[in-house]
Amino acid sequence: MAELLKKLKRFLIIFLIALAALVIWAVYTGHAAPFIEWIHALWQDSHPSITEQNVPPVEGELEGTVRIHFIDVGQGDATFIEFGDGTCMLVDAGIAERGPDVISYIRALGYERIDCILATHPHQDHIGGLDVVIRAFDVGQVWAPDATNTTLAYYDFLAACEDTGESIATARLGETLMRGSGYRADCIGPRKGAYFSDLNQASAIVLLQVGETRVLLPADASTETIGRATNIHIDVLKVGHHGSSTSTSSWLVERLAPEVAIISYGVGNPYGLPTSQVLSALSSTELYGTGANGTVVVELDGSTVSVTAEREGRPKSGAGSYREDSPSPEIYPDDPSTFQEFIEELHDKLFGTG
Ligand SMILES: [Zn+2]
């Protein structure tokens, strides 16, 4: 009996040492990140941040209409909002090659100043074109979540802000991006101090309210993150993550019950987007996609929503175009370690945290 107890004790000690080694390895190599994120999410208040009870109030009467342009930038995102009172806002500007197209699109609408620019998260299909836009216009305020990426696209974005003397305000829950008579655009995610294992989860989520109507721009945040941000009824949903199944589910569509949805994607993208699951979750929603319809313009007058698109069509699943071996679209510098220090220094300086 004593022999057995001794054996059991030895086994327990070896087991505990192995477990400790596994935990240290997982934390050190980053394998524990999704688990830490899960714990963090559990620990957070399980109720959504924005509910029907605490939606930020819209004050005043709308002058004219608000027009939202979901600009066709191929595989990527670029959303331009005209508030009708002369002010405007840009959310992302596609990949670097599409930056000039975004500039000409905004100039053709007659703007020389962009009051608010939001870089939703540091992935090149969102921020790639922002550097040239920031250099081309008189810019009011630049916003971005507190997340960095050691890529050339992110460096170009920071460098454009530094060269033009722009500081960057931290986009997170509780910040109002734009506000005027009859409308407001609020950042409803990420929460302060949120932990990200994946940069898509750092996505700044925008709730735009125009009179009684609501538009949600969740960038590439996941279904769970969007669900934790809000459970209110949304009239117009910009479908998350270019129609990826990670950002839209039947559960989320039921919860937000959007009447109109727009997917920003490029036909033949190597990720197979949008997915058939997302299209079927949105089967009873009036659906548009930049791949199928070109640039889509949504007009809001405070109570109604009207949509015009460059061409007719309905988004089709990109399943056939999926390539497992598709190269990473991000471009990294030759010497990542010194570059990382450089990026962090620039980031801290521009965000005012240095
Ligand atoms: Zn994206």
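Helices and strands here are DSSP runs, with at least four residues for a helix and at least two for a strand, numbered from the N terminus.

**Figure 1. The whole chain, with its eleven helices and 15 strands.** Keep in mind that this is a predicted model. The C-alpha trace spans about 85 × 45 × 45 Å along its principal axes. How does the radius of gyration compare with that of a compact globule? A globule of 354 residues would come out near 20 Å, and the chain has 22 Å, so the two agree. Buried residues make up 45% of the chain. Looking at contacts with a separation of 6 or more, 69% come from residues 24 or more positions apart.

**Figure 2. An open sheet of seven strands, with mixed pairing.** Going across, the order is β7-β8-β9-β10-β11-β12-β13. Which strands stand at the edges? They are β7 (175–180) and β13 (286–289); each has a single partner strand, so one side of each has no neighbour in the sheet. If you ignore direction, neighbouring strands are turned by 15° against each other on average. As a reminder, strands of a sheet pair through backbone hydrogen bonds, in either a parallel or an antiparallel sense.

**Figure 3. Close-up of the hairpin made by β7 and β8.** Two residues sit between these strands, and Gly 182 in the turn has a positive phi of about 85°. The pairing is antiparallel and runs over five bridges. One pair to look for is Met 178 with its bridge partner Ala 185 in β8. Is β8 mostly buried or exposed? Six of its seven residues are buried, so the rest of the structure largely encloses this strand.

**Figure 4. From β8 through β9 to β10, by way of Val 206.** Strands β8 and β9 run antiparallel and are joined by six bridges. Within that pairing, Cys 187 has Val 206 in β9 as its bridge partner. On to the next pair: β9 (residues 205–210) and β10 (residues 213–217) are antiparallel too, with five bridges between them. Val 206 turns up again here, standing opposite Leu 217 in β10. While you're tracing side chains, remember that in a regular strand they alternate between the two faces of the sheet.

**Figure 5. Tyr 183 and its surroundings.** This residue belongs to strand β8 (residues 183–189). Why does Tyr 183 count as buried? There are 25 other C-beta atoms within 10 Å of its own, and the cut-off for a buried residue is 20 or more. Leaving out residues up to four places away in sequence, Tyr 183 touches Val 58, Leu 62, Val 66, Phe 83, Gln 209 and Val 210. Gly 60 is worth finding in this view as well: its C-alpha atom is 8.0 Å from that of Tyr 183, although the two residues are 123 apart along the chain.

**Figure 6. Helix α6 crossing helix α11.** Here α6 covers residues 152–163 and α11 covers residues 336–350. Their axes come within 10 Å and cross at roughly 40°. That angle is why the two helices are oblique to each other, and the crossing is left-handed. Which residues meet between the helices? From α6 there are Tyr 154, Tyr 155, Leu 158, Cys 161 and Glu 162; from α11, Ile 343, Leu 346, His 347 and Leu 350.

Definitions and conventions:
Residues are numbered from 1 along each chain as its sequence is written. This is a predicted model: local features need pLDDT of at least 70, side-chain atom pairs count only at pLDDT 80 or more; totals for chains, interfaces and linings use all residues. Two strands pair if DSSP finds at least two bridges between them. Axes are lines fitted to C-alpha atoms, for helices over the stretch in contact, and angles run from 0 to 180 degrees between N-to-C directions. The radius of gyration is taken over C-alpha atoms; the globule rule is 2.2 Å times the number of residues to the power 0.38. A residue is buried if 20 or more other C-beta atoms lie within 10 Å of its own, exposed if 12 or fewer, and partly exposed in between; C-beta atoms are placed from the backbone. Two residues are in contact if their C-beta atoms, placed from the backbone, lie within 7 Å. Angles under 35 degrees count as roughly parallel, over 145 as roughly antiparallel, 65 to 115 as roughly perpendicular and the rest as oblique. A crossing is left-handed if the near helix is turned anticlockwise from the far one by less than a right angle, and right-handed if clockwise.
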